[in-house]
Number of protein chains: 2
Amino acid sequence: MDELTIKDVAKECGVGISTVSRALNNHPDISPETKKKIMGVIKETGYIPNNSARNLKRTDARCIAVLIKGITNPFFSSIIQIVETQVQKKKYAMVIQHVDAYENELDVALQLVKEKRLRGIIFLGGAYQHDKRKVEKLKVPFVFCTIGTVHETGKKTYSNIAVNDRLESRRMVDYLLDLGHRRIAIITEGTEAESVGQLRLEGYKDALAARGIAIDERLIYEVEDEQDPYSMESGYATARKLLDSEVDFTAVFAIADFLAVGVCRALHEAGKRIPEDVSVAGYDGITIGEFYTPQLTTIKQPIGKMAEKTIKLLFDVIEGKSGHEHIYFPAELVERESTGKPNISE
Amino acid sequence: MDELTIKDVAKECGVGISTVSRALNNHPDISPETKKKIMGVIKETGYIPNNSARNLKRTDARCIAVLIKGITNPFFSSIIQIVETQVQKKKYAMVIQHVDAYENELDVALQLVKEKRLRGIIFLGGAYQHDKRKVEKLKVPFVFCTIGTVHETGKKTYSNIAVNDRLESRRMVDYLLDLGHRRIAIITEGTEAESVGQLRLEGYKDALAARGIAIDERLIYEVEDEQDPYSMESGYATARKLLDSEVDFTAVFAIADFLAVGVCRALHEAGKRIPEDVSVAGYDGITIGEFYTPQLTTIKQPIGKMAEKTIKLLFDVIEGKSGHEHIYFPAELVERESTGKPNISE
DNA sequence: TAGCTGTCCGGAATCGTTACCAAGAAACAA
DNA sequence: TTGTTTCTTGGTAACGATTCCGGACAGCTA
């Protein structure tokens, strides 16, 4: 009585276990009546097949996994929703696996592939540095989404969906320069090459260089919060340091909207008006930017379209309809209340 | 060559498979040299044990699961972090399972217990209505966290950690009444009895009743967004309806901080000043309330303490050190910028 | 009636691992 | 030397499902 198995169901129905299995898996070789009877007993007894045992033998499982690194990212829930509806349309199952900050997502994926029979994997967030060996070992097709730049030369072994961070970042800084700003502080994150923060910082430097404006290192700030770098708290703390430094600036470009919110708060408390005294620009295009006062000027990533492309691409590869691709989506610069022309009297 | 199994490792090492198994599971009955040799081969070949097969046979697994319903809830990531550190201290593993909006979390739990050998479960968010039969079937100890009220008479079969929503809600309304407000609109969610929204609405009614103020149904609003009811968007939309109704009010109590942010935005756009023209109060105590302009007056739930108690209680029950408990934590009313005395001239 | 075909079902092998048992080797006491 | 204990090891039976194979039976054809 401890655990209900397929054997118990078979005995209860007076049939063999293979017949019960056939009923469970929609096999054709079973008469409608027996199937109906078996399903009735299953429902009545509340029998649930043991998935470990199933996976041990199965060959066809229609299942994909979504690996999430950094559950705080506000994009993820909307991406998951979109992916989920598509997955259901295809009659696939989907598992969501959280990856801890200190875990390597490829290791987790490797482990998961052993455990379940996956047909594909989607990586949300995470590293930009990929161990070639591990990638090769992972025989299942996979797509990175919103990870930033991924370099892969030659034949592509996986897909990548992202925004061109360097370019979009430059666009924002160009916009601020066009408004007349010359002393633009940037708040960024991450020192590793190819990290999202570094790419956006490159874009900032590109824009300044194109106009022959010298880089002032005193305007470049790196957040210090390692626990949760893209948080309002770290934006606030960094802005405080910027204010205390007494270096002149007329605009702040925070490379994430959450950081920008923290910056706004710090400026507000220091008695600075936005955008009259200081302009603030963000990056990401999350909901809070629309509802914050002042509304945030930002680079809005087309998350919905990126999510749709991600899942479509994954299925195309699974079904052999296409090969892997690295695609950059264009983002949109939305101009809202937090930016304006610099105050000339200042 | 397709899939590496324990057999391959055993052959490679020239030992029996049970010996390899012993090396893998830290069994005492193995000589240090053989173990070292086996571990070397495992590392070299990159062998990963098949977890499905393991779970099929194993009896001792030290693993707990966290089931999340509604990944958008901003509390969850901090709860998970706290739980995770404690779990690691105990040398347990932890799996996080996302539960879709339309799935029943108890069904998912039942399924998960079949699949892995869990020692305990934590439910984050989700239903307040529990199917007695399913609860009984779930033989593993479990704790609900931040779910709201749960009634269980007699011997407790599970634990519940929450804030007394009705009481705390009343406290907020009392505070608004003390400030002098008499026409307080409330924005709530959910019509099911015992739902978080209903409990907070009860608290609102309690406070008014205690002072003999009649309930004006025109001041009670229910959000309409079913997809994501606790969102800034739905707060905004509901506040718009409130404004359009042209019913008088001097304060708005939104039963979630996200809703309150949407309300603030709508009021701001309508040219109302906060708190001079209208006071706005929230509930939850999430970060954005601190960084929003104006800073939000709210009921701050002691999330950290609740998370710590949740995991401690779960382990205590697992280890037989204590029975299940239903505990209410006291919340804190934090008075910030969004509330003030009503404007008498109005 | 004999032979063939197709439908439906049960038995047994199998998946990769762990748990248990028995056995061999080594070490020690009598 | 012999018996007993301790350590280490390999073989084998589970675990709970799926899948393959063959058999029973009904229906049809010649």
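In the predicted model, chain B contains an open sheet of 4 strands in the order E7-E6-E8-E9, with parallel pairing. Strand E7 (220–222) and strand E9 (279–281) of chain B occupy the edges; each has a single partner strand, so one side of each is left without a neighbour in the sheet. Direction ignored, neighbouring strands of this sheet are turned by 15 degrees against each other on average. The pairing of E7(B) with strand E6 (residues 184–188) of chain B is parallel and comprises 3 bridges. Within this pair, B:Ile186 has B:Ile220 of E7(B) as its bridge partner. Helix H8 (residues 165–179) of chain B packs on the sheet, where it touches E6, strand E8 (251–254) and E9 of chain B. The direction of H8(B) makes about 170 degrees with that of E8(B).

A further helix of chain B, H11 (residues 257–269), has 13 residues. From its first C-alpha to its last, H11(B) reaches 18 Å, close to the 18 Å expected at 1.5 Å a residue. Of the 13 residues of H11(B), 11 are buried, so the helix is largely enclosed by the rest of the structure. The buried residues run from the start of the helix and include B:Asp257, B:Phe258, B:Leu259 and B:Ala260, as well as B:Arg265, B:Ala266 and B:Leu267. H11(B) is followed by B:Gly271, which has a positive phi, near 85 degrees.

In chain A, strand pairing was examined for E1 to E5. Strand E1 (residues 63–69) of chain A is mostly covered, with 6 of its 7 residues buried. E1(A) pairs with E2(A) in the parallel sense over 7 bridges, and the bridge partner of A:Cys63 in E2(A) is A:Ala93. Strand E3 (residues 120–124) of chain A runs parallel to E4(A) and is joined to it by 4 bridges; here A:Ile121 has A:Phe142 of E4(A) as its bridge partner. E4(A) also pairs in the parallel sense with strand E5 (residues 159–163) of chain A, over 3 bridges, and A:Cys145 stands opposite A:Ile161 in E5(A). Both faces of strand E4 (residues 142–145) of chain A are covered. A:Phe142 and A:Phe144 lie on one side, A:Val143 and A:Cys145 on the other, and all four are buried.

The relation between the two chains was then considered. A turn of 180 degrees and a shift of 0.1 Å along the axis lay chain A on chain B with an RMSD of 0.3 Å. The two copies are thus related as by a two-fold rotation axis. The C-alpha of chain A nearest the axis belongs to A:Ser52, 2.1 Å from it. The same surface serves both copies, as 100% of the contact residues of chain A recur in chain B.

The contact takes 30 residues from chain A and 30 residues from chain B. On the side of chain A that touches chain B, at least two residues each are supplied by helix H4 (51–57), helix H5 (75–89), strand E2 (93–99), helix H6 (105–115), helix H10 (232–245), helix H11 (257–269) and helix H12 (288–291) of chain A. H4(A) provides the largest share of this side, 5 residues. By class, the side of chain A that touches chain B has 13 nonpolar, 13 polar and 4 charged residues.

Key:
Residues numbered from 1 in each chain as written. Chains lettered and ligands numbered in written order. Predicted model: local features only at pLDDT ≥ 70, side-chain atom pairs only at ≥ 80, totals over all residues. Pairing = 2+ DSSP bridges. Axes fitted to C-alpha atoms, helices over the stretch in contact; angles between N-to-C directions. Contact = placed C-beta atoms within 7 Å. Least-squares fit on C-alpha atoms with pLDDT ≥ 70 in both. Expected span 1.5 Å × (residues − 1). Buried ≥ 20, exposed ≤ 12 C-beta atoms within 10 Å, placed from the backbone. Nonpolar A, V, L, I, M, F, W, Y, C, P; charged D, E, K, R; others polar.
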